[in-house]
Amino acid sequence: MRLDHVSYAVSHTELVDTVQRLGQQLGGSFEDGGRHPRFGTRNFILPLEGGTYLEVVAALDHPASDKAPFGQAVR
């Protein structure tokens with residue numbers, strides 16, 4: 001088994017503050033991963049060594065976040 005990323009789910013209102021706080025604590029810069037209408041989510045990623053990354057993700061106020069399994073898990 002290979003771990004490629006860890007997802008850290010937060011509320012939509014906490015997303016930007018969490019990305020800033022974790023970036024400062026970990027000494028790195030997150031990249032905007034964009035919005036994902038298929039899942040009803042938005043994320044930011046922090047690239048780490050070996051192709052791994054930390055993802056901070058939030059559910060959007062979008063119908064897919066109630067229907068898609070990943071959107072439901074994040075919500």
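These legends go with a set of close-up views of a predicted model.

**View 1. The whole chain, with its 3 helices and 4 strands.**
Start at the N terminus and walk along the sequence: the elements come up in the pattern β-α-β-β-β-α-α. The C-alpha trace spans about 35 × 30 × 15 Å along its principal axes. For a chain of 75 residues, a compact globule would have a radius of gyration near 11 Å, and this protein comes in at 12 Å, so the value agrees with that expectation. If you take the contacts between residues at least 6 apart in sequence, 43% of them join residues at least 24 apart.

**View 2. The surface and its charges.**
About 5100 Å² of the protein is exposed, and carbon and sulfur atoms supply 53% of that area. On the inside, buried residues account for 35% of the 75 residues. As for charge, there are 7 positive and 9 negative side chains, and the centres of these two sets sit 6 Å apart.

**View 3. The largest nonpolar core, 10 residues in all.**
Which residues make up this core? They are Val-10, Leu-15, Val-19, Leu-22, Phe-30, Phe-44, Leu-46, Leu-54, Val-56 and Ala-58. Helix α1 (15-26) and the strands β3 (41-47) and β4 (53-59) each put in at least two residues of this core. Val-10 is a handy place to zoom in. Setting aside neighbours within four places in sequence, Val-10 is in contact with Leu-15, Thr-18, Val-56, Val-57, Ala-58 and Ala-59.

**View 4. Gln-25, a residue of helix α1.**
Is Gln-25 buried or exposed? Its relative accessible area is 56%, and the cut-off for exposed is over 50%, so Gln-25 counts as exposed. For a sense of scale, pick out Pro-69 as well: Gln-25 and Pro-69 are 44 residues apart along the chain, and their C-alpha atoms are separated by 31 Å.

**View 5. Phe-39, in the loop between β2 (31-36) and β3.**
Phe-39 has 30% relative accessibility, so this side chain's residue counts as partly exposed. What does Phe-39 contact, leaving aside neighbours within four places in sequence? The partners are Ala-64, Ser-65, Ala-68, Phe-70 and Gly-71. Pro-63 also makes a useful landmark here: Phe-39 and Pro-63 are 24 residues apart in sequence, with 8.9 Å between their C-alpha atoms.

**View 6. Phe-70, in helix α3 (residues 69-74).**
Here is the other side of the Phe-39 contact: not counting residues up to four places away in sequence, Phe-70 touches Phe-39, Thr-41, Glu-55 and Val-57. Thr-41 belongs to that list of partners, and the C-alpha atoms of Phe-70 and Thr-41 are separated by 8.5 Å although the two are 29 residues apart along the chain. Phe-70 is partly exposed, at a relative accessible area of 33%.

**View 7. Gln-72, also a residue of helix α3.**
Where does a relative accessible area of 45% put Gln-72? Partly exposed runs from 20% to 50%, so Gln-72 is partly exposed. Once residues up to four places away in sequence are left out, Gln-72 touches Ser-65, Asp-66 and Lys-67. Look across to Arg-42 too: Gln-72 and Arg-42 are 30 residues apart along the chain, and 13 Å separates their C-alpha atoms.

Key
Residues are numbered from 1 along each chain as its sequence is written. This is a predicted model: local features need pLDDT of at least 70, side-chain atom pairs count only at pLDDT 80 or more; totals for chains, interfaces and linings use all residues. Side-chain values use heavy atoms; hydrogens and water are left out. The radius of gyration is taken over C-alpha atoms; the globule rule is 2.2 Å times the number of residues to the power 0.38. Buried means under 20% relative accessible area, exposed over 50%, partly exposed in between (1.4 Å probe, protein chains only). Contact means heavy atoms within 4.5 Å. Accessible areas come from the Shrake-Rupley method with a 1.4 Å probe; for residues, only the protein chains shown count as cover. Lys and Arg count as positive and Asp and Glu as negative; His and the chain ends are not counted. The place of a charge is taken as NZ of Lys, CZ of Arg, CG of Asp or CD of Glu. A nonpolar core is a set of buried Ala, Val, Leu, Ile, Met, Phe, Trp, Tyr and Cys residues joined through side-chain atoms within 4.5 Å.
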